[in-house]
Each structure stands twice: as C-alpha cells, then as structure tokens.
Amino acid sequence: MATLGDQHIALLSLVLLLALMPTNTAFGEKRIQDTYNVQHQAPTVIERAEPVTLSFDIPAINVNNVLEAFLFYKYDGEISYRQQRASYDQTGFATTLKIDNQSAGSLEYYFVVQMNDGTRITYPATQPDSDPIRVDIVDRRETVTENAPGIDYTILSPEPGSTLPPNDVLVAITLFYEEGAVDTANSSFILTLDNQDITEQAEASDYFFSYSPDEIAPGQHRVSLELATTSDTTSIADWQFRVLDPNITVSRGSNVELSGGQEETFAPQGQVELTAQNQQVGGIGNDVLKGDIRLSGGKDNIRYSAYGLLTSQESSRLQPQNRYGGELYIGNWLEFQAGHVYPSISPLTISGRRVQGINTELHAFNGAINAQFLHGKINRRISNLYRPVTIDSVFSDNGVLIDTNYSIGFENNGRGTYKRNVTGGRLSFGRGETFQWGLNFLKVRDDTTSLATVRDFDDLMNKRPDLTEELDQSSMNDLQSNPDLLSVSGNPRPKDNFIGGSDLMVNLFDNMLRLRSEMAVGLLNEDISPGVLSSDQDLDIDLSEDESNQLDRWAWLIIINENMNTLPLRFNVEGNKTSVESAYFPTSILANQSELNFNISGNNFRAQYRWIGPNYVSLANSTIRRDVAGVTLSDRFQLFDDRLYVTLGYENLNDNVSNTKDATTSTQTARTNFSWFPIDQYLPRISVGFMYRNRDNAVPLYNPFVAETGNPENISVRNFSQSDTSITANPRLSNTSQFTTSITQQFELFDLSHHANLNFSYLDTKDEFFRFGDTKSSSVNFNLQSRFSEIPLNTTVGFNINSTETLGGLSDIMVTGFNVGGSLILMDNKLDLNTNLAFTKNNIESTSLQISNNATSDPSDDIYQPQTDENGDRIIEETENNLVIIRAGAQYDLATNHALMINFSYTNIANQLSSLNPPNDHRLEARYIFRF
C-alpha cells in the first residue's frame, strides 16, 4: 500500500497536470482528417482457446461521431472475414477474441471505424482487407520453468496473462525438486498476491500451494512465489492475471465464454450507468446524455442477460444509436437472442453482421439435430431529403436559348436508405465431433414501400409539390406536358438477394484428418422497383402467360427482372421482338470453399480450394472476395519441444473465373513465418514473417502513340486503344514483399515488473507497368508496461513511427507519436486515478499527378506527369501538424455498489506551416455507476 505521503504526491501531480494544460483557442477552417492515426500493438503470438484482447487507440477521434467500430478477422486461407463489434473505453477501442478453431495456424484481422459522416478509418490504413495484420496461433500449454536452482514448477491457475471472473480465481502452483534440494528447516516459501503475504491463508505443502480469495477486485493482479533463507530471497515464480468486473456480462454470441461468475440466482444482477458529456469539437459545442443498463441472472440450466443503451445522439438520419438486446439460454438445447444481435450462419451467408431482430438456435438429441433461425432488419429506413428543382439553361454563343434542363438532387447527407429485411436459417445434422452436414439459406430484401422516391415530375407533384414553388408557369407547363424532363439522379435502388447453400464437415482418426466444404448459390437483383419482369414494349420483351405466372410464383424467393446481376434466362431475338427461349443456371453465381487438413504429430498440413463467381453476392457479408479461384497450401510444424513454430505457405489465385474478361490476373503468394514461443515466461516471444506476392495478367505494355513521342510507355494512362475499342487489356505486373517481426519480453528491473512489446513491419510494392505505381510503407511500434511492487502504480510508455511513400515517391507521409500514462490506486482501492499524454506529428509532402494530352488531341497518347509550375519545377505541397492529447480520469467507489467516474480529455492541433489552426477540443464526462 502507498503511504499517505505517496497519496498526496499523486494527487498533487494530477492537479498540476490538469492546471498546465494548454489553453490555445485559435480557430481554423476545418478539422484535419490526417490526424486519425490508429495506434495498435499486435500480439506476438495468440494462444488457442485463450481470450486475447485487441486494442486500437485513435487519439484525435471524437467517439460521439462514431457510428460503429468492428474487427474483421479470419483464419488463414478463409474466403471471407467474420466481424465482431468493438467497444470504446477511455483508452480506445477494444474487442476480445477466443480462438475456437482447432486447426487454424494464424489469425488475419483488420479494424474499421465507421463515422456518422461516412468517413471510414482503418488499420492498417491502406488495403486492410488484402494486407491485414497476421499473427501466429500456437497451442495452449502449461507454463513450466526453472528459476531457483533445482526447482521446477507448473502454474496450474490462473494462466499467466489470462482473464477470468472473480469467482473463478484460484491461485495454484505445484513444485518439482529432488528431495534434499531445498533446506526446509532453514528456508521457507512465501506466496504473495498483490504484494500481500498470503502464505498463511493458503493450503500449502512442500510441493503445492493453493489459495482462493474470498473477495478480489476487478483489474490486474500479480502472484509471486519466493524462497526465503536466512541470507537472501530467491524468486521462483511471478505472473499476472486480470479479473473481470462481475457485473459486465459477456455475450454468448461473442467468442469469449467465461464460466463461473456470481452466485446463481434468478434475480437480475448487473449495473446501471448514467453518463453526461460536455464537449467542444471543431469549435462546436455539444452535450450528450447516455443511459446504459446491463443485467444477468440464472439458475441451474436457465440463464439470461439483457442490455440497453439510450443516448441523446439518436437521430432519424442515422442507423440506430440506441441499442438494446436480450439473451436466454436453457440448458444446451435452446439459445434465444432478441434486439440488436450479431448472428453467424456461415462465411458465405452472414457472419457477425448486426441485425435488429431475433436469432434462435435449437439443439435436439444432444446436438445431433440443430436448427437456427434469424429474422430482422440490417438497415432501417432513412428518408430522402430532396432539394428544390433547379433549372440549367443552355445558350448558344450569341445568347439564344437552346435547351432547358430540370433536375432535382439531395440536400447534404440527404440520400436515404430503404428498410432492409433479412431472414435466414440453418438446419444441420451431426454433433460436429466427427460429422456434420448443414443446409443454409439467407433472404435479404429491401422494403420498397419504406421509402418515398421521386422518379419524374408526376412523382414530385404527388409527393413533394412544395419543391416546385420556385418554378415559373412556363417551366411548370413544360414539366407537366413531359414529366420525364425532370432529371433525378442518385436515388437509392431497392435490392433483393437470396443465398442457398450446404456445408459438410468430417473429422476422422481422432481429428487427425479433417474435411470441410461449403457451397452456395447467390442471386442478386440490383433494382426491384419495376417489379417482376413482364412483357414490355419499351424493352421489346414478349412473355407468355405461363412464363409470367412462373416468375410471379418465384417472386417470394427472388424478384426476377432486367436488373438481375445475372439473369438466369436465355432470350431469342426475332426482328423487334425478344422472347424467353429457356432458363439456365449461370455458374457465375456459385461459390465454393473446401479444406482438407492433416494434423499428425505436431505437423499441420492444410490444402484449401476456393471458387467464387463474379456475380455471387451476399448483402449481409460484404467482405467476400468475388471472381477468384485457386488453391492455398500451408504446412505448420513444431520444433524443439514445441518451442519453435514454423509455417510455410503458398497460394495461387486467378480472377476471370467465368472467362468474361480480356485477360486473367494470376496472384501467387509465398509466405513463411517463425514463432519462438518458449515455456519460460521470462524468455522473449519472437515472431518473424516474410511474404512475397506477384500479380500478373500476361498482357504486354504496348502503346505506339506514346512510344513515338519519345515518352516511356509506363507513364501512359491506358494501354493502346483505337476507335473507342480496346485492342489489348491494361497490363498488370506488380511484386510485393512484406517483412514483419514482433518481440514480447517480460523482465524484472529496479524492483519493477515490465512487459515490453516491439513490432516492426515493412511493405514494398513495385509496379512494373506504371511508373508511379510503387508503394512503400514501414512502421515501428513499441510499448512498455511497468508495475511497481511497493505501490499500486502501473505505467505505460509507447512510441510509434509510420512512414508511407506512394505514387512512386511523389507522396511521402511520416507519422511519429509517443504516449506516456499511468494508473494509481489509492484509499484502500476506492480511488483509481489515471492519466495519459499523447503526442503525434504528421509530415506530408506530396505532388499531384495530372493528365497531359501530349500536345495532341488523340487520347491514345495521354500520359501522367507530376504537376509543375510555370518554370517546370515540380509543385510540392507540404503539411505538418502537431497533435497533443491529454487525458485524465478518476473513479471513486462511493460505497459497495456505487461509483462515480470523471474523465477529461483535451486536444490541440497545430498546423506548423499555417497560422490557421483548428480550435482546441475538449471533452468532460461524468458517469455514475450503480451495481446491483
């Protein structure tokens, strides 16, 4: 425990920190978006079946403008990403995963924040879906080490670095040493928890220690076992674990399942939070009120939980900001979720997408027969906001009126959305231990009655006649006589989508051989507003009565008309008449992924095949990569008693699977990764990876028009073309190499426990066919967490350097940042103080590319060239911004079930090359927490 003097010093330091905050109130024209620098420390390795928390800090972000934040992740070689919602706390966004895939060798992921204004922030910043973060997955094992001479030990519980509920905390460690190796008469073992000696309270013997605390606070904790003699003290074991707040429930739908918890009771237990925020962002003040409730309960085989969030940020122009939901579990046979749920059926249908509705699962005959059903809406209706009709008059050179154009568009952020309904289900047979066969379906359709759209002048007069008040009588007469004169652009189009599929899983020889395969067909209609296809003189389509009836009967499944992305009909054209000749099955709407896995004696070999048609679409999963086919091979083996994991991989993918393009692009990727995962927790964990990728469509670069001018062909805008007809496709040949490494180290220094993590990555893409297509990026991230042994103080120090060079060196972005922070617990664990200082410097030098006509009127010889001034010198635009963010917070437990939290943040952005700077931002938040 800290002394009273320590408490006074800490409080004085916090007061001084708040008092010394800058108060610059200079005003600028707009917020600089380049300050959205995402800071993330990727783990060196991830242990299978162990919860891992991935955190992303965006210092300059205003969380009240965040619509949603998601982690997109997949296991090595999978066809699409799953998604999981990330929550925000005072240190950034975070989400917890539990790797439940028994054969996966690596995890690939990227992070996305969707802002209310449409801004999309990602990590990595460029091409996150094709170049995600990749981390090796290693098998979980007991920690065995040798610190004191002649003494080995095994940590039984809790696992080092694990997270668990308070009622599951059991400190247990067993020792191994030869008889006589320890002088038990003149020495003793000392077991401590958070620097408190608990040896007397523990169940102890010469070879085993066990301690179960009556109460333990949420947060980080440290266990230490030492051997004390008359002359010195030797450390045997030292490890840390984290305890969850018992009142925060963890959704079964997430990848984290925690056993235990509070005493079983049907009476609801949970917490209520009331939050008030005062903030100023970009010179605009805003007050936000929030109410959040979470509760859970259960007894025997029945469990339930519920949550709700109400916020003053709820707006009819946004998707729901208020959230609510509930879950009910009865034994192992019923799971029911309602409200805002995140269901998953399969990677080819829906996998973690938010749905406002219900999701239920039934498991009969001990899981031999399983059924799932979901129904709800993905998007809610947002109305269109049109501007008044505008007139654009076209005059001749001598001032004579030639034509008048009438148009209508949208107000700022005025484009609406249809209500998008979704219904899906799955029926499977088999428990999944050795066999499972499933049938999946998903139906997504926009409600055409949910949104009023204006398509011509008649529509406008029926729905919004007030938008014509500024028109004179002559213009009204023109539009009334010809309603199609009104041009309406940008109307949202209602879509219709159906997916049906099947999957098979077979595990043989005690899971040494695994086969998984999924196939699906996806139908998409881009615009169902015209209704079902019918005889139409304008389209010259002539359908028989039987054909029209057939299309009507199938409309419940998919509305078929001329807006299908692939129409499953063959037409016969005779003169001016078009009739249906036959129906057929287009292969471009198919998708398949299959995997064969061998796992023998620590060697994991995996062969995967995928074939995704260009017209296969799931409106509930936008991460599916389409128009791709090929194989992925990987081999994972372990050396040196499972301490070294080696991964070798090869992938060959081609597009143009339906042979509808002029050229086929082949992408070949080779990768290797080495992960050193020692048993001793005080030895470093090291991961090193290398990837090489080649993309080539075998089209030569040829443009005689450019070559005749003496310019190199690789600066041309397009390949050779003539009379608006492309003779050859645009060539593509690029090579990408990537190197990544990560080191994690725990160590003791100056009587402090430290956890250090260092990440480095380098990506280099060379474009052989475009002079300005090269890209280079590198990043270095370091984080050091330290825990004091004598006082309840934790500190964090980190820095990051990111450098990105694009356009063949014409654009250079350098981002440098560091942060330092700490947390201190005082007053018998009732007061928790925390503060953080972050600084980021952005330097941007860029030259724009412009298209030059090469002094000719023929577009075939157009070329790209850097923008220059009148003297022919390259124009370089420079930007340099400094960002300072100060955060401070405190939480005080008023009583056992009551707490008060105050958080403050201050942001200052200074443009070093301009006197115009954005205004300083601040946010003050007060939160009351009641636990019951």
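## Close-up views of strands, salt bridges and a cavity

**View 1. Seven bridges hold strand β15 (residues 187-193) to β19, and the two strands run antiparallel.** This is a predicted model, as are all the views below. Ser187 sits opposite Thr229 in β19. Zoom out a little and both strands turn up in an open sheet of five strands, ordered β13-β20-β19-β15-β16, with mixed pairing. At the edges stand β13 (163-164) and β16 (196-197); each has a single partner strand, so one side of each has no neighbour in the sheet.

**View 2. Asp238 and Arg222 meet through their side chains in a salt bridge, at 2.8 Å from N to O.** Here the link is between distant parts of the chain: Asp238 belongs to strand β20 (residues 233-243) and Arg222 to strand β19 (residues 219-229), 16 residues apart. How accessible is Asp238? Its relative accessibility is 5%, so Asp238 counts as buried. Arg222 is buried too, with a relative accessible area of 9%.

**View 3. A salt bridge joins the side chains of Arg420 and Asp446, with 2.7 Å from N to O.** Arg420 is in strand β32 (residues 420-429) and Asp446 is in strand β33 (residues 435-446), so this pair ties together parts that lie 26 residues apart in sequence. Arg420 has a relative accessible area of 14%, which makes it buried. Asp446 is also buried, with a relative accessible area of 4%.

**View 4. The side chains of Arg610 and Glu651 form a salt bridge at 3.7 Å, N to O.** Distant parts of the chain are linked once again: Arg610 comes from strand β41 (residues 603-612) and Glu651 from strand β43 (residues 644-654), 41 residues apart. Buried or exposed? Both Arg610 and Glu651 are buried.

**View 5. Lys74, Glu108, Arg134 and Asp136 are wired together in a network of salt bridges.** For the wider tally, the structure holds 26 salt bridges.

**View 6. Strand β25 (residues 334-341) is largely enclosed by the rest of the structure, because six of its eight residues are buried.** On one pairing, six bridges connect strand β24 (residues 323-330) to β25, and the two run antiparallel. Glu327 has Gln337 in β25 as its bridge partner. β24 and β25 make a hairpin with three residues between them, and in the turn Gly331 has a positive phi of about 55 degrees. β25 also pairs with strand β28 (residues 355-364): eight bridges join these two, again antiparallel. Look for Ala338, whose bridge partner in β28 is Ile358.

**View 7. The second largest cavity has a volume of about 50 Å³.** How many cavities of 30 Å³ or more does a search of the whole structure find? Two. Around the second largest cavity, the lining is made of Asp76, Ser103, Gly105, Asn604, Arg606, Ser634, Arg636 and Thr647. β41 and β42 (628-639) are the elements that give two or more residues to this lining. As for chemistry, the lining residues of the second largest cavity split into five polar, three charged and no nonpolar.

Notes. Residues are numbered from 1 along each chain as its sequence is written. This is a predicted model: local features need pLDDT of at least 70, side-chain atom pairs count only at pLDDT 80 or more; totals for chains, interfaces and linings use all residues. Side-chain values use heavy atoms; hydrogens and water are left out. Buried means under 20% relative accessible area, exposed over 50%, partly exposed in between (1.4 Å probe, protein chains only). Helices (H or I, at least four residues) and strands (E, at least two) are DSSP runs, numbered from the N terminus. Two strands pair if DSSP finds at least two bridges between them. A salt bridge is a side-chain nitrogen of Lys or Arg within 4 Å of a carboxyl oxygen of Asp or Glu. On a 1 Å grid over the protein atoms alone, a cavity is a set of points where a 1.4 Å probe fits but cannot get out, and a pocket is an open set with protein on both sides within 12 Å along at least five of seven lines; lining residues have an atom within 4 Å of a point. Grid points are joined across faces, edges and corners, and a volume is the space filled by probe spheres set on the points. Ala, Val, Leu, Ile, Met, Phe, Trp, Tyr, Cys and Pro count as nonpolar, Asp, Glu, Lys and Arg as charged, and the others, Gly among them, as polar.
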